[in-house]
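Visitor: I have a model open and want to learn how to read it. Where do we start?

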Amino acid sequence: MSMSTATGARNKEAYTIIFKDKQHKDFYMEFLPRCRYQDVYHKALVYCLGLSRDTRANARQIYDFETGNVKPECLQAGWLTSGSGRIIRMAFNLYCNGTPSVYDYEDGEEQLEECQYYTAEDLFCCENAVYFWEAVKLRYPEYTR
């Protein structure tokens with residue numbers, strides 16, 4: 001695991017962000033300025049979307065940088081893997097404070113199944129857990145630093 005860092009600028013106390021690799025850091029530095037705002041919601045979203053090659057390559061299918069809307073239908077795309085699905089759900093959860101893809105299903109059982117993909121257990125039981133925690137720290141700096 002390669003560690004790369006960048007310093008958070010808006011906080012009076014400098015905070016060093018831990019990146020998975022150079023591609024993750026480069027994506028974050030390139031795409032955060034493309035967001036409508038550079039607030040904690042967007043920082044966590046862009047940080048998550050930069051975690052994998054799949055989510056970086058399909059970022060515009062996941063999030064509309066012009067309107068600021070997530071695109072939950074991306075979770076039905078053919079390129080999606082279990083890992084990229086976790087990344088997207090974590091990003092959506094931190095950005096929207098909820099589970100936006102649940103509404104893509106009309107059947108109550110399907111909605112419940114989709115909702116379960118947003119649990120801490122389902123999200124954090126993977127190789128990206130340390131980076132998901134970093135995204136939580138970006139989203140909630142007042143509670144985690």
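Guide: We take helix packing, then burial, then one backbone angle. Keep in mind that this is a predicted model.

Visitor: How is a pair of packed helices described?

Guide: Two numbers do the job in general: the angle between the helix axes and the distance between those axes. Here, take helix α2 (residues 40-49) and helix α8 (residues 129-139). They pack at about 165°, and their axes are 8 Å apart. An angle over 145 degrees counts as roughly antiparallel, so α2 is roughly antiparallel to α8. The crossing of α2 past α8 is right-handed.

Visitor: Which residues of α2 and α8 make the contact?

Guide: On α2, look at Val40, Tyr41, Lys43, Ala44, Tyr47 and Cys48. On α8, look at Tyr131, Glu134, Ala135, Leu138 and Arg139. By type, that contact has 8 nonpolar residues, 3 charged and no polar ones.

Visitor: Lysine 43 is in helix α2. Is lysine 43 buried or exposed?

Guide: Use the relative accessible area. Under 20% means buried. Lysine 43 has 18%, so it counts as buried. For a distance to check on screen, its C-alpha atom is 9.6 Å from that of phenylalanine 31, which is 12 residues away along the chain.

Visitor: How many residues of α8 are buried?

Guide: Count 8 of 11, so α8 is largely enclosed by the rest of the structure. The buried ones are Tyr131, Phe132, Glu134, Ala135, Val136, Lys137, Leu138 and Arg139. Their cover includes β2 (15-19), α1 (22-31), α2, α5, α7 (120-124) and α9 (141-144).

Visitor: Let's try a single side chain. What surrounds serine 84?

Guide: Serine 84 sits in helix α5 (residues 82-96). Its relative accessible area is 1%, so serine 84 is buried. Leaving out residues up to four places away in sequence, serine 84 touches Ser52, Asp54, Thr55 and Trp79. Now look for a polar partner. A polar atom of the serine 84 side chain lies 2.8 Å from the backbone nitrogen of threonine 81.

Visitor: And the backbone angle? What is notable about phi of asparagine 97?

Guide: As a rule, most residues other than glycine have a negative phi. Asparagine 97 has a positive value, near 60°. Find asparagine 97 in the loop between α5 and α6 (108-116).

Visitor: How accessible is asparagine 97, and what does that make it?

Guide: Its relative accessibility is 46%, so asparagine 97 counts as partly exposed.

Note on methods
Residues numbered from 1 in each chain as written. Predicted model: local features only at pLDDT ≥ 70, side-chain atom pairs only at ≥ 80, totals over all residues. Heavy atoms only, no water. Axes fitted to C-alpha atoms, helices over the stretch in contact; angles between N-to-C directions. Helix = DSSP H or I, 4+ residues; strand = E, 2+ residues; numbered from the N terminus. Parallel < 35°, antiparallel > 145°, perpendicular 65-115°, else oblique. Left-handed = near helix turned anticlockwise from the far one by under 90°. Contact = heavy atoms within 4.5 Å. Nonpolar A, V, L, I, M, F, W, Y, C, P; charged D, E, K, R; others polar. Buried < 20%, exposed > 50% of the residue type's maximum accessible area, 1.4 Å probe, protein only. Polar contact = N/O pair within 3.5 Å; in protein donor to acceptor, adjacent residues only side chain to side chain.
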